[in-house]
Amino acid sequence: MQSLTGLAYTGKQQKSIDLAGKIQLSDEFLIPALDVNGLPFAALQGVILTPWGLSLGTQKGLPANMSVLGLRFFEGKQVVFDLPAGTLQISAGDAGPPPAGWMAVPYERMDEGLLLHLADGKKTYRLVLDTAASISIIRSSAAVAFSQVAQCAFDLGPDLPCRSITLALPGGKSVSPLLMPLPDEFQADGILGTDFFMQMPVLFDLQHQLLYLRPPAG
């Protein structure tokens, strides 16, 4: 924060709840303008980071010295998140449509982020795209009565059995979210984490409100 020119507190606080059900208040700030490698960003609103998240088994949460870029940072931009290649590309929103090979997919946008709809043949799930999550999760109460539940080997800790379902992705891929209880305040059915993003690149066009996936060729 101290190195960002123009950053100032607004005097307000934002209330949030994480997937573990922890409620917290964070101080809000505003950055009038920011230049990142020649790409301009304006009126960036954010909050002071308080570590959050749902730790599973032996996994740890975010390091104390890490910052987070939220969805509003990319407003008006086109973003290619290619986790298989280990790259993140940000360009101005007028970059035009992506080349051949990208598939436009429907999505929702709500306070929790961008929601992708995935189905297993019996039920369609509304899942938040979460690039900071290490694994995908679905609310157990939303899945048990509808989908085929399988046992899995992920270590969730003592007395917590691992259960999952499998959801089909374009290009013959699939993702198997873990079933976990989630807070009632969380409106979606779950989240899609790194195990989803490792399957294929994702393109967010936040100027034209479009979302694309690039399934593997063939």
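Let's begin at one residue and work outwards: leaving aside residues up to four places away in sequence, Pro-201 touches Phe-81, Asp-82, Trp-102, Tyr-212, Leu-213 and Arg-214. Keep in mind as you look around that this is a predicted model. Pro-201 sits in the loop between helix H2 (194–197) and strand E17 (202–205). Is Pro-201 buried or exposed? With a relative accessible area of 7%, Pro-201 is buried, because buried means under 20%. For a sense of distance, try finding Gln-2: Pro-201 and Gln-2 are 199 residues apart in sequence, and their C-alpha atoms are 34 Å apart in space.

Two of the residues that Pro-201 touches, Phe-81 and Asp-82, take us to strand E4 (77–82). Six of the six residues of E4 are buried, so the rest of the structure largely encloses this strand. To picture how that works, it helps to know that in a regular strand the side chains alternate between the two faces of the sheet. In E4, one side carries Lys-77, Val-79 and Phe-81, while the other carries Gln-78, Val-80 and Asp-82. Both faces are covered, and all of these residues are buried.

Which strands pair with E4? One of them is strand E5 (residues 87–92), which runs antiparallel to E4 and is joined to E4 by six bridges. Within this pairing, Phe-81 has Leu-88 of E5 as its bridge partner. E4 and E5 form a hairpin, with four residues between the two strands. Look for Gly-86 in that turn, where the phi angle is positive, at about 70°. E4 also pairs with E17, again antiparallel, this time through four bridges. Here Val-80 has Leu-203 of E17 as its bridge partner.

Now let's turn to charged side chains. How many salt bridges does the model hold? The count comes to three. One of them brings us back to Asp-82, whose side chain meets that of Arg-214 at 3.6 Å, N to O. This pair links distant parts of the chain: Asp-82 is in E4, Arg-214 is in the segment after strand E18 (210–213), and the two are 132 residues apart. Their surroundings are worth a look too, since Asp-82 is buried at 10% relative accessible area, whereas Arg-214 is partly exposed at 34%. Both Asp-82 and Arg-214 are among the residues that Pro-201 touches.

Another salt bridge joins Glu-75 and Arg-109, with their closest N and O atoms 2.4 Å apart. These two also link distant parts of the chain: Glu-75 lies in the loop between strand E3 (39–47) and strand E4 (77–82), and Arg-109 lies in strand E7 (residues 107–110), 34 residues apart. Glu-75 is partly exposed, at 34% relative accessibility, and Arg-109 is partly exposed, at 34%.

Strand E7 takes part in a further salt bridge, in which the side chains of Arg-126 and Glu-108 meet at 2.7 Å, N to O. Arg-126 lies in strand E9 (residues 124–129) and Glu-108 in E7, so this pair ties together parts that are 18 residues apart in sequence. Arg-126 is partly exposed, with a relative accessible area of 25%, and Glu-108 is partly exposed, at 26%.

Next comes a link of another kind. A disulfide is a covalent bond between the sulfur atoms of two cysteines. This structure holds one, formed by Cys-152 and Cys-162, whose sulfur atoms are 1.8 Å apart. What does this disulfide tie together? Both cysteines lie in the loop between strand E11 (150–151) and strand E12 (163–164), so the pair connects parts that are 10 residues apart in sequence. The link is left-handed, with -100° about the S-S bond. Cys-162 is buried, at 5% relative accessible area, but Cys-152 counts as partly exposed, at 28%.

Our last stop is Gln-14, in strand E1 (residues 8–17). Gln-14 is partly exposed, with a relative accessible area of 26%. Apart from neighbours within four places in sequence, Gln-14 is in contact with Gln-24, Leu-25, Ser-26, Glu-28, Gln-45, Val-47 and Arg-72. With Glu-28, the contact includes a polar one between the two side chains, at 2.9 Å. Gln-24 is 10 residues away from Gln-14 in sequence, and their C-alpha atoms are 8.3 Å apart.

Notes:
Residues numbered from 1 in each chain as written. Predicted model: local features only at pLDDT ≥ 70, side-chain atom pairs only at ≥ 80, totals over all residues. Heavy atoms only, no water. Disulfide = S-S within 2.5 Å. Buried < 20%, exposed > 50% of the residue type's maximum accessible area, 1.4 Å probe, protein only. Salt bridge = Lys/Arg side-chain N within 4 Å of Asp/Glu carboxyl O. Contact = heavy atoms within 4.5 Å. Polar contact = N/O pair within 3.5 Å; in protein donor to acceptor, adjacent residues only side chain to side chain. Pairing = 2+ DSSP bridges.
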